Amino acid sequence: MILEEYDSTQTAIINPADIVRPVENMPHTVLACFSHITFVRMRKEFKAEKIIAETSSAAGVIHVYECICRGERFGMVLLPVGASASVGVVEEIYAMGAETFAVFGNCGVLDHSIEDCGIIIPISAVRDEGTSYHYFPVSDEIAVNTQYKDVFENILDKRKIEYTEGKTWTTDGFYRETADKAAKRRKEGCVCVEMECSALAAAAKFRKKEFFEFFYAGDNLDAEEWEQRSLGSDVGLEKKDSVCNLAVELAAEIERRRQ
């Protein structure tokens, strides 16, 4: 099978270093999200205006901005949605000199008891996408958040914010999340579904970099009919702003601990 053809060779025909160059004074830590509206609001709130690096895709230029919070300096970038696209950008930013990615994004829930915009920390990701199989040996799942989970839990505990831990289901085919597939993933322990986590985790392991991701709950797939809830970039913005605050605090704390 094609997905079993994992090749551990570090050098490929085309490599990130062929596309980008190291950036002087590149921050060790980069904070990323997927929602354009959330990213714009986060940049405005934390005055992240200075461009410190850039890459591009066929869809346009992708800027990495400088953010300084709690006395720590880190990068801030908007990632494209999807496993392959997001990994491509993260690969290039690693090649620029970044060492750690802290990522947050929206997800669908497979447990209706998880409240809208509730915080979810994945501990393992089901690999129902293609990208991760080019970065990590064949397996149904990949462990995630083996670092910095305690750091983020401490941030949440200090703010008395409840959260859920469990497996996430990473899939390329969001229009093929059938009831039978969702039920199967739920039995396997998945509490949510999204499109990037397993691939980003695999790429980080392959490049010997650090990666942490958490989610905020969006639509509900654990009902007789799909419930959209706050899915959509312009819905529940105040709640999403509070999630941004958590993410920025996490990035600052990661950067502090790396020094």
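In this predicted model, Cys 117 is buried, with a relative accessible area of 9%. A natural place to begin is therefore the cysteines, since a disulfide is a covalent bond between the sulfur atoms of two cysteines. With the cut-off for a pair of sulfur atoms set at 2.5 Å, the count of disulfides comes to 0. Cys 117 takes part in none, and the nearest cysteine sulfur, belonging to Cys 107, is 9.9 Å away. Cys 197 tells a similar story: its closest cysteine sulfur is found in Cys 192 at 8.0 Å, which is too far for a bond. Cys 197 is buried as well, with a relative accessible area of 0%.

Cys 197 also leads into helix α6, which spans residues 197-207. How many of the residues of α6 are buried? The number is 9 of 11, so this helix is largely enclosed by the rest of the structure. Alongside Cys 197, the buried set holds Ser 198, Leu 200 and Phe 206, together with the alanines Ala 199, Ala 201, Ala 202, Ala 203 and Ala 204. These buried residues pack against helix α3 and against five strands, namely β6 (119-128), β7 (141-143), β8 (163-171), β9 (190-194) and β10 (210-220). Just after the helix, Lys 208 takes a positive phi of about 60 degrees.

The packing of α6 on α3 can be described further. Two packed helices are described by the angle between their axes and the distance between the axes. For α3 (residues 83-96) and α6, the axes come within 9 Å and cross at roughly 30 degrees. Since angles under 35 degrees count as roughly parallel, α3 and α6 are therefore roughly parallel to each other. Their crossing is right-handed. On the α3 side, the contact is made by Ala 83, Ser 86, Val 87, Val 90, Glu 91 and Tyr 94, while α6 supplies Ala 199, Leu 200, Ala 203, Ala 204 and Arg 207. Sorted by class, this contact has 8 nonpolar residues, 1 polar residue and 2 charged residues.

Helix α7 (residues 237-258) offers another view of helix packing, beginning with its contact with α4 (residues 149-158). Here the helices pack at an angle of about 135 degrees, and their axes are 10 Å apart. That angle makes α4 oblique to α7. The crossing of these two helices is right-handed. Helix α4 contributes Val 151, Phe 152, Ile 155, Leu 156 and Lys 158 to the contact, and α7 contributes Leu 246, Glu 249, Leu 250, Glu 253 and Arg 257. The residues of this contact divide into 6 nonpolar and 4 charged, with no polar ones.

Helix α7 also packs with α2 (residues 36-45), at an angle of about 60 degrees and with the axes 10 Å apart. The crossing of α2 and α7 is right-handed. In this pair, Ile 37, Thr 38, Arg 41 and Met 42 of α2 meet Leu 237, Lys 240, Asp 241, Cys 244 and Val 248 of α7. By class, the contact of α2 with α7 comprises 5 nonpolar residues, 1 polar residue and 3 charged residues.

Attention now turns to the backbone in the loops. Most residues other than glycine have a negative phi. Arg 70, although not a glycine, has a positive phi of about 55 degrees. Where does Arg 70 lie? Its place is in the loop between β3 (60-69) and β4 (72-78). With a relative accessibility of 59%, Arg 70 counts as exposed. Lys 160 is not a glycine either, and it has a positive phi of about 55 degrees. This lysine lies in the loop between α4 and β8. Is Lys 160 buried or exposed? Its relative accessible area of 75% places Lys 160 among the exposed residues.

Finally, the segment before α1 (16-19) contains Thr 11. Thr 11 is exposed, with a relative accessible area of 58%. Between Thr 11 and Gln 259 there is a separation of 248 residues in sequence, and the two are 29 Å apart in space, taken from C-alpha to C-alpha.

Definitions and conventions:
Residues numbered from 1 in each chain as written. Predicted model: local features only at pLDDT ≥ 70, side-chain atom pairs only at ≥ 80, totals over all residues. Heavy atoms only, no water. Axes fitted to C-alpha atoms, helices over the stretch in contact; angles between N-to-C directions. Helix = DSSP H or I, 4+ residues; strand = E, 2+ residues; numbered from the N terminus. Parallel < 35°, antiparallel > 145°, perpendicular 65-115°, else oblique. Left-handed = near helix turned anticlockwise from the far one by under 90°. Contact = heavy atoms within 4.5 Å. Nonpolar A, V, L, I, M, F, W, Y, C, P; charged D, E, K, R; others polar. Buried < 20%, exposed > 50% of the residue type's maximum accessible area, 1.4 Å probe, protein only.
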